[in-house]
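Me: Please take a close look at one part of this model, the salt bridges, and start with a single charged side chain. After that, set this part against the chains, their interface and the cores.

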Amino acid sequence: MFSKKRAFAGVALATGAALVLAGCAGGGDAPEADPTFDPDEEVTLDLAFWGNDVRAELYDEAIAAFNEEYPNITVNATFLDFPSFWEKRQTEAAGGNLPDVMQFDYSYLRQYSENNLLLDLDPYLGNIIQTDPLPENILGIGVVGDTTYGIATSTNAWGLFTNPVLLEQAGVEEFPGGSWDDYAAWMTEVTEAGGGDIWGGGDYTGRIQNFELQLRSEGSYLFSEDGEPGFDEARLTEFWESRSDIREDGTIIPQSRVEELVPKGGFDSALTASELTWDNFGAGYLAGLGEGYTELGLIAPPVTEEGAKDLYLKPSMLHTISAKTEHPEAAATLVDFLVNSPESGEIFGTNRGLPASETALAAAELDPLSQQVKDYEASIADRLGDAPPVPIVGYGTLEEKFRQIGVELAFGTITVEDAVSQFFSEMDVVLTS
Amino acid sequence: MSTTATRVIVTGKKSSRGPLSGRGKGEQDLHRPGQRSRQVKESLAGYGFLIPWLVGFFGLTLVPMAYSLYLSFTNYNIFSPPKWIGLDNYVRMFTNDPSFMQSAQITLIYVFIGTPITLLAALLIAMLLNYRDKGAGFYRSAFYAPSLIGGSVSVAIVWRAMFAGDGPVDTTLSFFGINLGGWFGNPALVLPAMILLSVWQFGATMVIFLAGLKQIPKELYEAAEMDGANAWHRFRAVTIPMLSPVIFFNLLLGLIGAFQVFASAYIISNGSGGPAGMTNFITLYLYKRGFSDGQMGYASAIAWVLLVVVAIIAFILFRTQRSWVHYAGDNR
């Protein structure tokens, strides 16, 4: 059933083939050329992004536009919500099969690039990926070490959204700006006027960005490039204790209500009148609110110290390519299209944040909401400082832990003292591992 | 696990004769050279057929388990090679991780309250179904159905909707003046709701009880009745002892299964283990540690603690068996 002759012939053939292949590889010393993409090659790419139905439709449109230009590249797009998206990527990273092109979050950029999971984009910059429309500081966002791993699609900044419809129902004026205490007092006013159906907002101390904002006002930061925290236990205690008042007097929406709304939140369920978050969240909020809601207020967050440069522009998301992709040129072509093309600007508007690429931004026909984001980012110019360094490895974990602890504080199932010690022990593990 | 272990032992005993040579007279023939080579050939064929199973057992069970035990002593973030840290993961779990302690606590409550209630409900319904045969088929299927679809996404979503603030359960309760405002958003009520969900899936347990009840000889009841035993006495003196092996089996499987609750908690809390960590059962917690936080070493350590706890509980149950489980033909 197994002849020796045949086996021998097989081995001989294989050896011959190997020699020929080796000859090819060694002999043809091809000159280093700019990578280009063969427009006739049939290629299939996987694209993964996080978002919701609204964003998925936009991606569908963008891929259709991409296929008009590159009919030979089939793009299989999949999407998940943010936490599931990263759970999936972690398993894929372990198995070595990340999607070719990924929408990427700043907080995971260092971790993935330092572990050689992302493609070095430098060879594609200036040829397949146009760099002229991308300002230097935008390109710098995707650099870890000295290598570019991601291209920012867009930028965003922290802001305060308000719901004019609810404010009118409650009969309270828009928050005129002011200190954090002023904001808390305004929330109480809305809640009292809301008569049990409307709340002024949620517990903002559950978001690490609000803490960061205060730290930056004091000239400090969350984490340095080397992973040193810019705060101690006392400072975190102070932050969480600063809002015991509205947690206890019923100003904020009851946490049990919020839990029942998951995956939506109090703000996009029309129960709270304000929310501190990234300025590109407006479209998602309006989609969640549904009919009867056509506009939102977007104003600067409360001030900790006058004149401080506490806000900053960060990439709302980037595009990266898996280091193991079989079609780096095609993948780079897709990234260039998603970032730079006028079509993508026109389709996405500010759904992913204010387009970072000048060509995309110029083509973006800004709907009122997008225009509002653009105006907002212009209005906070004097509060914008330098962006913090690319987040430390494990930042995503700490951000989530902060949020979970915030939920427990809002429930009242944990004391501030325990909350602080929990966060620090988590930080200990993350920073030393 | 125990069946696997038994099988290994059996194979080991037989292997001196070659696994497939159960012919009886093979041993006498061993000194004949021709027979001997045939014997070897048969053994080889036997092992050949065993290979898929062996590959599966080593590749999918033993090696991964050993590797996870190794990982539990390391710091491993999936991306870079594991770093040996000795017992640090275990120390951290018991001294420096309140989330783990909470997780362990709610898991134990879930297991030790949920399982007995499930068993009771299953036994009760099984006895009802055993009492009369009319329409038994329909009711059996109806009660069994939830446990078929129990782990599914849709059921957890329906359950979530039913116990929501404006869902049917709360609406009904508020009709009687009880206002709870939703179960799954309330840290105090979410655990009871989870236990209810598990009790509702008693179907498989019930079917096994039913089979056990059918095995009890009618004569025993008749004899008891002759002696003047009432229904309660008959239940105490006949049903329970005769059923005790089945009760033991269901109790063991129920406890082990309850320790592994995951899907319903994941869906109901949207993967967060909330509200306030009250659905953060141990398997969900270790999953999140491993896959969202990239702390695979720590997650492995938690998995091993879970394994040891389940093993201890199973061991204790087996030891107490002697005092309350009666097997047919037993002299005790």
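Reply:
**Salt bridges and their surroundings**

Arg235(A) has a relative accessibility of 10%, and it counts as buried because this value is under 20%. The model is a predicted one, and what follows was computed from it.

One partner of Arg235(A) is Glu218(A), with which it forms a salt bridge whose closest N and O atoms are 2.8 Å apart. The pair links distant parts of the chain, 17 residues apart: Arg235(A) sits in helix 9 (residues 233-241) of chain A, and Glu218(A) in the loop between helix 8 (208-217) and helix 9. Is Glu218(A) buried or partly exposed? Its relative accessibility is 39%, so Glu218(A) counts as partly exposed.

Arg235(A) also meets the side chain of Glu238(A) in a salt bridge, at 4.0 Å from N to O. Here the partners are three residues apart in helix 9 of chain A, so about one helical turn separates them. Glu238(A) has a relative accessible area of 49% and is partly exposed, because exposed would require over 50%. The buried Arg235(A) thus bridges to Glu218(A) and to Glu238(A).

A bridge elsewhere in chain A joins Glu400(A) to Arg403(A), with the closest N and O atoms 2.9 Å apart. The two residues lie in helix 17 of chain A, three residues apart, which is about one turn of the helix. With a relative accessible area of 30%, Glu400(A) is partly exposed; Arg403(A), at 32%, is partly exposed as well. Salt bridges with shared partners further tie Arg110(A), Glu114(A) and Glu225(A) into one network. Over all chains, the rule gives 12 salt bridges.

How many salt bridges does the rule find across the interface of chain A and chain B? It finds one. Arg289(B) supplies the nitrogen and Glu426(A) the oxygen, with the closest N and O atoms 2.6 Å apart. Polar contacts between the chains come to eight residue pairs, with both residues at pLDDT 80 or more. On the side of chain A that touches chain B, at least two residues each come from helix 3 (82-95), helix 4 (106-114), helix 11 (255-261), helix 17 (395-411) and helix 18 (416-432). By class, that side of chain A has 12 nonpolar, 11 polar and six charged residues.

The contact involves 29 residues of chain A and 36 residues of chain B. Between them the chains bury about 2,400 Å², and 49% of this area is on carbon and sulfur atoms. Within chain A, the residues that lose the most area to chain B are Glu87(A), Gln90(A) and Glu260(A), which together make up 26% of what that side buries.

The chains themselves come next. Chain A has 18 helices and 11 strands, and 53% of its 433 residues count as buried. Its C-alpha trace spans about 90 × 45 × 45 Å along the principal axes. Of the contacts in chain A between residues at least 6 apart in sequence, 76% join residues at least 24 apart. Chain B has 14 helices and two strands, and 40% of its 332 residues count as buried. In chain B, 63% of the contacts with a separation of 6 or more are between residues 24 or more positions apart.

The nonpolar cores complete the picture. The largest has 67 residues, and those with the most contacts inside it are Met93(B), Phe100(B), Phe184(B), Phe209(B), Leu243(B), Phe281(B) and Ile302(B). Helix 11 (residues 231-259) of chain B gives this core its largest share, 11 residues. Leaving out residues up to four places away in sequence, Phe209(B) touches Leu119(B), Ala122(B), Leu123(B), Ala126(B), Leu243(B), Val246(B), Ile247(B) and Asn250(B). Another core lies apart from the largest one; it has 61 residues, including Phe402(A), Ile405(A), Val420(A) and Met427(A).

One residue of chain B outside this list of core contacts may be added. Val91(B) lies in helix 3 (residues 88-95) of chain B, and its relative accessible area of 46% makes it partly exposed. From C-alpha to C-alpha, Val91(B) and Trp232(B) are 51 Å apart in space, with their positions 141 residues apart in sequence.

Methods:
Residues are numbered from 1 along each chain as its sequence is written. Chains are lettered from A and ligands numbered from 1 in the order in which they are written. This is a predicted model: local features need pLDDT of at least 70, side-chain atom pairs count only at pLDDT 80 or more; totals for chains, interfaces and linings use all residues. Side-chain values use heavy atoms; hydrogens and water are left out. A nonpolar core is a set of buried Ala, Val, Leu, Ile, Met, Phe, Trp, Tyr and Cys residues joined through side-chain atoms within 4.5 Å. Buried means under 20% relative accessible area, exposed over 50%, partly exposed in between (1.4 Å probe, protein chains only). Helices (H or I, at least four residues) and strands (E, at least two) are DSSP runs, numbered from the N terminus. Contact means heavy atoms within 4.5 Å. Buried area is the accessible area (1.4 Å probe) that two parts lose on being put together, summed over both. A polar contact is a pair of N or O atoms within 3.5 Å; within protein, one must be able to donate a hydrogen and the other to accept it, and residues adjacent in sequence count only if both atoms are side-chain atoms. Ala, Val, Leu, Ile, Met, Phe, Trp, Tyr, Cys and Pro count as nonpolar, Asp, Glu, Lys and Arg as charged, and the others, Gly among them, as polar.
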